[in-house]
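Please look over the following structure, with attention to its paired strands and its buried interior.

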Amino acid sequence: LLGTLELNMEQVAALKPDLILDTRSSGDKARYDQLNALGVPVISPPAGGAQYLTSWEQQLDMVGKALGKQTEAAKLKTDLEAKFAAAVTANPAFKGKTVAAAVRTGEGWGAYVTGDGRADFLAKLSFTPAPAIEALKKDSFYIQLSQEKLDLVNADLTVVFLIQATLDTVKNDKLFQAVPSVKAGHVAYMDDPVISSAFSSASVGGLSFAIDKVTPLLATALG
C-alpha cells in the first residue's frame, strides 16, 4: 500500500492510520521522517537490515510486538513452518534439486539470490539454489544477467518472474529458450500476477497462498 520506492503521502494521510507498518522498505531515514511527520508510530526495517530484505519471520515478530499480539504471531509462524514442512514431505522430488529464480524485467534479465524472499521460498521447499547464480552474489538480493550469460539460469528447474515484461517476450527470446532446462520444459513461469505477488510478498498470508498455488506448478515443471 505504501509503495516500494515512492510514497504518496496524501494517500497515506487520508487513511488516518494509528500505526504505520513500513517493515519491508529501504529503511531510509528520509522515508522514515516523511512517515513520522504524520504523528503516528512507524515500524521500519530492523537496524542494520538490508534494504527491502526484511524476512517474513522478522516482519511477523515486529508486527506482533507493535500490536501486542506476540502469541498470535508465534502461532502464525508455527503454522506456516508446518505448511512448508508438509509441502516438502508431499514433494520429495524437490529435495536437492537445483533451482534458478530468473527474472525478466523491462530492461533485461537477472536472477534472485538467497536473502531474497523468492529464492528463500524455494530453499524452504528443499530446493538447492543454483550454484552458478549464488557464485555471483554480492551485497544485493539480485544480480543482472546479460543475454550472453543466460545459460547461468540452467538448473534442474528454472523459475521465471516477470516485471514490466510479458510472457510472450520471454517465450520469443531465442537465447533464453535455448537454455537446457528451459528447452527441456523444466521451467515454471510466474505469469499470474496474483500468484507472483504472493510468491514475492514475504508475508505469512502471501506465502501460505503461494505454497498452495506455486508448489503444484513447480512439481509439474520439474517432471
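## Strand pairing around β4

In β4, Tyr-112 is the bridge partner of Ala-101, and β3 and β4 run antiparallel, joined by four bridges; two strands count as paired if DSSP finds at least two bridges between them. This is a predicted model, in which local features need pLDDT of at least 70, side-chain atom pairs count only at pLDDT 80 or more, and totals for chains, interfaces and linings use all residues. Residues are numbered from 1 along each chain as its sequence is written, and side-chain values use heavy atoms, with hydrogens and water left out.

The hairpin of β3 and β4 has three residues between the strands, and Gly-108 there takes a positive phi near 155°. Four bridges also join β4 to strand β6 (residues 142-145), again in an antiparallel arrangement, with Trp-109 opposite Leu-145. Strand β4 (residues 109-112) is covered on both faces, since Trp-109 and Ala-111 on one side and Gly-110 and Tyr-112 on the other are all buried (under 20% relative accessible area, with a 1.4 Å probe and protein chains only).

## Nonpolar cores

The largest nonpolar core, meaning a set of buried Ala, Val, Leu, Ile, Met, Phe, Trp, Tyr and Cys residues joined through side-chain atoms within 4.5 Å, has 31 residues, and Leu-122 and Phe-127 are among those with the most contacts inside it. The helix α11 gives the most to this core, with eight residues.

A second, separate core of 21 residues includes Trp-109, Leu-145, Val-153 and Val-187.

Conventions. Buried means under 20% relative accessible area, exposed over 50%, partly exposed in between (1.4 Å probe, protein chains only). Helices (H or I, at least four residues) and strands (E, at least two) are DSSP runs, numbered from the N terminus.
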